Amino acid sequence: MKRNIVIAAVTAAALIGGGTATALATTGDDQGSARQAANTRLSEDDGRDDQDGADAQDDRDDDAARAASADVTASEAIASALKHTPGTAVSAELDDEDDSDKVIWKVDVLSGDNSLHSVRIDPSNGKVLGSETDDEDDTAQVRAALKGSSVTAEEAAKAAAGKGTVTSVDLDEDGKNKSWEAETRKSGGAEQDWKIDLGTGKVTADHSDDQEDADDQD
C-alpha cells in the first residue's frame with residue numbers, strides 16, 4: 001500500500017512540475033552510481049595492496065637468488081678488498097652492479113688518509129673488478145665509532161655467518177650502542193638482521209626494524 005502511495009505522489013509531481021519528478025526518479029540511480037564508484041575504488045586499493053605484496057615477495061626472491069649465486073662469502077670479499085686497498089673495511093654488500101643483472105660484492109674501505117674507497121669484488125672468484133673513491137664527509141664519525149673496537153668487519157661477517165648466508169655487513173655509528181649490523185638469508189629466503197658487538201663479537205637479533213614496523217602500524 002505504501003509503495004502505491006509513493007508512486008502516486010511521484011506521478012502527481014510529474015503532472016504539476018515535470019523537472020521534480022525527474023530529480024526524484026534519478027536519485028536512486030545517483031546512489032547506485034556512488035556505491036559502484038566506491039566499490040571500484042575499494043577494488044583498486046585491494047589491487048594495489050596485492051601488487052605491493054607481490055613486489056615485496058619479488059624483492060625477497062631476488063635477494064635470496066643473489067645470496068645463493070655467490071661462491072665468495074662476505075668475509076672473503078672483505079679480505080680481498082683489503083689486499084687491494086689497505087685500510088679499514090666499514091661495510092660490504094652483495095648487490096646488483098649499477099642496477100644491472102650482474103651481482104657483485106661492494107666493499108667500502110676507509111684508508112689511512114681518511115678517503116673512502118668502494119671496491120667491487122667478483123662473487124664467483126673473489127677477484128677485484130675495480131674501485132673508486134667516494135666523497136664522504138662523515139669519515140671522522142666512522143673512525144670515532146671504531147675507536148677501541150676489537151672486532152673488524154671481516155670478523156663480524158664470520159660471526160654472523162653462523163646464522164645464515166651473510167648478504168651485508170655495515171657499521172652502525174649512530175646512537176649510543178654502536179655495533180656492526182649484518183643481514184643474513186637462509187635457503188628458504190627468510191631474512192634476518194643481527195647486531196655484532198664491537199668489543200666482544202657477540203651476535204644478537206636486531207629487533208629495531210620490527211619495532212619500526214609496529215610503530216608504523218600504530
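Glu93 has Ser168 as its bridge partner in strand E5. That pair is a handy way into this predicted model, since the strands around it come back in the helix packing and in the largest pocket. E1 (residues 88-96) and E5 (residues 165-172) pair in the antiparallel sense, over three bridges.

**Strand pairing**

- E1 also has a partner in strand E2 (residues 103-110): the two are antiparallel and joined over eight bridges.
- Within the E1 and E2 pairing, Thr88 stands opposite Leu110 of E2.

**Helix H4**

- Helix H4 covers residues 139-146, and its buried residues are Thr139, Val142, Ala145 and Leu146.
- Looking down the axis of H4, these buried residues fall within an arc of 120 degrees, so they line one face of the helix.
- A general point helps here: an α-helix has 3.6 residues a turn, so residues three or four places apart point the same way.
- Ala140 and Ala144 are exposed, on the other side of H4.
- The cover over the buried residues of H4 includes strands E1, E2 and E5, along with strand E6 (179-185).
- After H4 comes Gly148, with a positive phi near 85 degrees.

**Helix H5**

- Which residues are buried in helix H5 (residues 153-160)? They include Ala153, Ala156, Ala157 and Ala160.
- Down the axis of H5, the buried residues fall within an arc of 100 degrees, so they too line one face of their helix.
- Among the elements covering the buried residues of H5 are helix H3 (74-84) and strands E1, E5 and E6.
- Strand E7 (191-197) and strand E8 (203-205) also belong to the cover of H5.

**The largest pocket**

- The largest pocket holds about 300 Å³ of space.
- Its lining is made up of 20 residues, and those nearest the centre of the pocket are Val90, Ser91, Asp108, Leu116 and Asp170.
- Two or more lining residues come from each of E1, E2, strand E3 (116-121), H4 and E5.
- Which element gives the most to the lining of the largest pocket? E5 does, with five residues.
- By residue class, the lining divides into nine charged, seven nonpolar and four polar residues.

**Putting it together**

- E1 pairs with E2 and with E5, is part of the cover over the buried residues of H4 and of H5, and gives residues to the lining of the largest pocket.
- H4 has a buried face and also gives two or more residues to the lining of the largest pocket.

Key: Residues are numbered from 1 along each chain as its sequence is written. This is a predicted model: local features need pLDDT of at least 70, side-chain atom pairs count only at pLDDT 80 or more; totals for chains, interfaces and linings use all residues. Side-chain values use heavy atoms; hydrogens and water are left out. Two strands pair if DSSP finds at least two bridges between them. Helices (H or I, at least four residues) and strands (E, at least two) are DSSP runs, numbered from the N terminus. Buried means under 20% relative accessible area, exposed over 50%, partly exposed in between (1.4 Å probe, protein chains only). The arc is that of the directions from the helix axis to the C-beta atoms. Contact means heavy atoms within 4.5 Å. On a 1 Å grid over the protein atoms alone, a cavity is a set of points where a 1.4 Å probe fits but cannot get out, and a pocket is an open set with protein on both sides within 12 Å along at least five of seven lines; lining residues have an atom within 4 Å of a point. Grid points are joined across faces, edges and corners, and a volume is the space filled by probe spheres set on the points. Ala, Val, Leu, Ile, Met, Phe, Trp, Tyr, Cys and Pro count as nonpolar, Asp, Glu, Lys and Arg as charged, and the others, Gly among them, as polar.
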